[in-house]
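Trainee: Could you show me how to read a few features of a protein model, one at a time? I would like to begin with a single residue and then move outward.

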Amino acid sequence: MRHGTIPGARGRVRPLTLLGDPVLHTPCAEVTGFGPELARLVEDLFATMYAARGVGLAANQIGEGLRVFVYDCPDDEDVRHLGHVVNPRLVETGGVVVRGPEGCLSLPGLEAGTERYDHAVVEGFTMTGEPVTVRGTGFFARCLQHECDHLEGRVYADRLTGWRHRRLMRKVSRASWGR
């Protein structure tokens, strides 16, 4: 039997912000109010992430320029990690750099081989203001780094160079949403 509420069950699905929107390329502001408005935003983030079948979602991906992200992401051992972080700071990365396929709900249907560390630690707060530390390995470490990038005004395409970047941008220009 499940105890507690399902994240996003009381949230509303919001439209996703797509590549090219200025909010995705602007560093997000620190959250200063830990009240019902923030709790609604976290619920909306979960609802939108689940509706889009994602594993993570940052607030600027639904047009809110605030430092908040949610996740429901497995690691390489298929252990599920579920939560949210307010005002996150990526405090540690390490291990091996792995180039793996990476996608984004703000670039729907596309992915590219992107280099990320296979270990990451994020510190921040819960929506009630409690300190939280999140440690990730493998795919979950990739997710944490990806979401922290969003809050700094970067998307995974910004990490690509050379032919990988050119190929992805050609795909963006051909995508129905990229026109």
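Mentor: Let us begin with Val31, keeping in mind that this is a predicted model. Val31 has a relative accessibility of 8%, and because buried means under 20%, it counts as buried.

Trainee: Where in the chain is Val31 found?

Mentor: Val31 belongs to the segment that comes before helix H1, the helix that covers 36-51.

Trainee: Which residues does Val31 touch, not counting residues up to four places away in sequence?

Mentor: Once those neighbours are set aside, Val31 touches Leu38, Leu66, Arg67, Val68, Val86 and Asn87.

Trainee: How should I read a separation in sequence beside a distance in space?

Mentor: They are two separate values, and it helps to state both for a given pair. Val31 and Thr133, for instance, are 102 residues apart in sequence, while their C-alpha atoms are 17 Å apart in space.

Trainee: Which residue does UniProt list for "active site"?

Mentor: The unreviewed UniProt entry lists Glu147 under that heading, and an annotation of this kind may be inferred rather than shown by experiment. In the model, Glu147 is found in helix H2, which spans residues 138-151.

Trainee: Is Glu147 buried or exposed?

Mentor: The same kind of reading applies here: Glu147 counts as buried, because its relative accessibility is 3%. Leaving aside neighbours within four places in sequence, Glu147 is in contact with Gly56, Leu57, Ala58, Gln61 and Phe69.

Trainee: How many helices and strands does the protein have, and in what order do they run?

Mentor: The protein has 3 helices and 5 strands, and from the N terminus on the elements run α-β-β-β-β-β-α-α. The radius of gyration is 16 Å, close to the 16 Å that the globule rule gives for 179 residues, so the protein is as compact as a globular protein of that length.

Trainee: What can I say about burial and contacts across the whole protein?

Mentor: Buried residues make up 45% of the 179 residues. As for contacts between residues at least 6 apart in sequence, 65% of them join residues at least 24 apart.

Trainee: And what about the surface and the charges?

Mentor: The accessible surface comes to about 9300 Å², and 51% of that surface belongs to carbon and sulfur atoms. On the charged side chains, the protein has 22 positive and 22 negative ones, with the centres of the two sets lying 8 Å apart.

Notes: Residues are numbered from 1 along each chain as its sequence is written. This is a predicted model: local features need pLDDT of at least 70, side-chain atom pairs count only at pLDDT 80 or more; totals for chains, interfaces and linings use all residues. Side-chain values use heavy atoms; hydrogens and water are left out. Helices (H or I, at least four residues) and strands (E, at least two) are DSSP runs, numbered from the N terminus. The radius of gyration is taken over C-alpha atoms; the globule rule is 2.2 Å times the number of residues to the power 0.38. Buried means under 20% relative accessible area, exposed over 50%, partly exposed in between (1.4 Å probe, protein chains only). Contact means heavy atoms within 4.5 Å. Accessible areas come from the Shrake-Rupley method with a 1.4 Å probe; for residues, only the protein chains shown count as cover. Lys and Arg count as positive and Asp and Glu as negative; His and the chain ends are not counted. The place of a charge is taken as NZ of Lys, CZ of Arg, CG of Asp or CD of Glu.
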